[in-house]
Amino acid sequence: MLYLAEVQKQKGSLLGGGGKTELKLLACQRTDQSWSTVSEEVIAAEEANKLNDGALVLVELNPQRQVQRIQEAGRPIVNILQNFSRQLEKFKVKEEEIDQWKESLTFQAQELNRREMEMETRLEQLQQMEDEFQRLDAEKQEVETSRADIEKLQQEIERNRQELEGAWEHLRGEQHRLEECQAQLQQGTVVDEEQSRVLKELLDRLSSSVAPTETVRENLHLAFEMVEKQQAVLNPHWQQLEQQKTAVDEQQAEVERLSQVFLELQNEWQQAQNSLEQQTADLKANTATLNSKQEYARILKEQLQYQDDLYQQIQSLAAKSGDAASPEVDIEALEKMPLEELQKIVQDLQEKLNIDSSFVKEQEQELEDKQQTIEELQQKINQASADEQSKLEAELIDEKDHYQMLNETLVGQRRHLLERQSLLRQHKTVLLRRQGQTLANVQEDEKLDLNPILEQIEKQRQQQSEALQNLEQEIEQLQTSIKQILLTIEQQTQEQVMKRQELQTMEQNLLSLRTATAECLGQVNLYQEALQPIQDSLDSLRQKLQGIDESLAQVQQTGDYQLQAITQMRQVLLSLISQPELAAT
């Protein structure tokens, strides 16, 4: 199992050699990658002898509580903190998504309520249309009744016409017989009294068999009047239909005009919205850049403060030649200690010093690499687009945090290295003196020259001071620019909100007008579909009645001609009867 532990070193006696190294367990890792605190347990770990006292390490223990693997915990802890930060960011994003879902559900509920109200309104309109259709259906039934009456009248007229045709055939036969009689008369044939009586009877029968047309004409006029009444009933409906068609055409033209206006306004709003979003993206990028520069300025200030402290400490050490800051050493005990044991202590101190020096150099190299990485990221941010800047800004913040943590750790490690150097120098001085070497040469060899370190620190301070001054000027310019962008965005946002509300109102009105226009168009179509069959029936009846009227006129003309022929025949017959000489002959 993996544990987070703290290195604890117990100081050993001068005679007994180095102290004992232990690990104090602080937390353990669970199977789900989470960590939990444990009861403070201390285990022996000789593997941690080369590590500094108080250092945090990750140690892996077997079930027998023996150390299997040990490593410094600085980098893993940084990774854990980074993962934790990313999880927090993801959690914030999820919360924003949940809020958006809530807003969307609220809008959908409002939209459903509006749809429900529209459906109720349309149901009422459909009920009115159904009542209108019922009224038209009643009128249609009246027309059908009138049509049945007209068909009966048409059948009666047809029957009378057939009777007239029969009478006409009979008339033509009698006329033919009359012509035969006239031919006989011309040949000298004598018409006796019996024949005269028969001819009179035939002429009377022909006169009485002429069909009267007055009754049929009266019924035909009544049928025409009924048709005209039905047409008078339909005419207001046709006028209303034309008015509705005109109104629907006007509404459709208005809908097209408003749709065009709405599209133009929507395009203008969208362009303004795109511009606003671009300005918002620029604001975010500038804000991220400002935060990055402010964070970088804070780190530079802290570095300058740390370098000031380090400069003062090293300067103090250089002034005192490292003696005053050296750990207290019992020189008398070292003089009495066996030479072999003293050599062993000096050798151990030299090895630990070499390890610490190597570690400090690695940390300093890593610190320089971090500084170079930060500068490269800053250059990339200055050249990157708005979409890439946010990602680079996050990486820059992580690198700056790592730099700060590493720099803070390195200050203490440098101080600890100087203490070890002083402690080794004191032990080595006693050892060399006991071995008979000159003390002056030893001190000259072991004396530390701190001036190059001080010059390097001073040079870094000047560079960072100039960088901080330039950075503060850039920050001031960015703040001024951000304030102007904020004012512009706030003003445009208010205008966009007002325009959006106007567009929504206009869209709702346009939708309502489209719905009303579609409903009116449907009513007009249904109205026309209901009226057209009735009008077609009336037109058909009118044409049939006109045909009957024409046939009746022909029948009347034929009857008049028949009566005229009968009259002529009667006159001829009377003239024959009135000539007695012909009768006597």
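Arg217 lies in helix H3 of this predicted model, where helices (H or I, at least four residues) and strands (E, at least two) are DSSP runs, numbered from the N terminus. With a relative accessible area of 25%, Arg217 is partly exposed; buried means under 20% relative accessible area, exposed over 50%, and partly exposed in between (1.4 Å probe, protein chains only). Arg217 and Leu552 are 335 residues apart in sequence, yet their C-alpha atoms are 7.6 Å apart in space. When residues up to four places away in sequence are not counted, Arg217 touches Asp549, Leu552 and Ala553, a contact being heavy atoms within 4.5 Å.

The model is predicted: local features need pLDDT of at least 70, side-chain atom pairs count only at pLDDT 80 or more, and totals for chains, interfaces and linings use all residues. Residues are numbered from 1 along each chain as its sequence is written, and side-chain values use heavy atoms, with hydrogens and water left out.

The chain contains five strands and nine helices. Read from the N terminus, the order of elements is β-β-β-β-β-α-α-α-α-α-α-α-α-α. The chain has 585 residues, of which 30% count as buried. Among contacts in the chain with a separation of 6 or more, 79% are made by residues 24 or more positions apart. The exposed area of the chain is about 37,400 Å², and 49% of this area is supplied by carbon and sulfur atoms. Accessible areas come from the Shrake-Rupley method with a 1.4 Å probe; for residues, only the protein chains shown count as cover.

Val261 is also found in helix H3. At 29% relative accessibility, Val261 counts as partly exposed. Val261 and Met506 are 245 residues apart along the chain, and their C-alpha atoms are separated by 9.8 Å.

Tyr403 belongs to helix H6 (residues 386-434). The relative accessibility of Tyr403 is 5%, so this residue counts as buried. The C-alpha atoms of Tyr403 and Leu367 are 6.4 Å apart, with the two positions 36 residues apart in sequence numbering. Leaving out residues up to four places away in sequence, Tyr403 touches Ile299, Gln303, Leu367, Lys370, Gln371, Ile374 and Gln464.

Charged side chains were examined next. Side chains of opposite charge can pair when their charged atoms come close. A salt bridge is a side-chain nitrogen of Lys or Arg within 4 Å of a carboxyl oxygen of Asp or Glu, and the structure holds twelve salt bridges. One of these joins the side chains of Glu474 and Lys293, with an N to O distance of 2.8 Å. Glu474 lies in helix H8 (residues 451-577) and Lys293 in helix H3 (residues 214-319), so the pair ties together parts that are 181 residues apart in sequence. The two partners fall into separate accessibility classes: Glu474 is partly exposed at 35% relative accessibility, whereas Lys293 is buried, with a relative accessible area of 6%.

A salt bridge also links the side chains of Glu472 and Lys301, at 3.9 Å from N to O. Here Glu472 lies in helix H8 and Lys301 in helix H3, so parts that are 171 residues apart in sequence are tied together by the pair. Glu472 counts as partly exposed at 37% relative accessibility, and Lys301 is partly exposed with a relative accessible area of 47%. In addition, Glu295, Arg298 and Glu302 are joined into one network by salt bridges that share partners.

Arg69 and Glu60 form a further salt bridge through their side chains, with 3.3 Å from N to O. Arg69 is partly exposed at 41% relative accessibility, and Glu60 is partly exposed with a relative accessible area of 27%.

Glu95, Glu96, Asp99 and Glu103 form a negative surface patch. Patches are made of residues with over 30% relative accessible area and no salt bridge; like charges are joined within 9 Å, and nonpolar side chains (Val, Leu, Ile, Met, Phe, Trp, Tyr) within 5 Å. Lys and Arg count as positive and Asp and Glu as negative, while His and the chain ends are not counted. The place of a charge is taken as NZ of Lys, CZ of Arg, CG of Asp or CD of Glu. Within this patch, Asp99 is found in helix H1 (residues 74-186) and counts as partly exposed at 42% relative accessibility.
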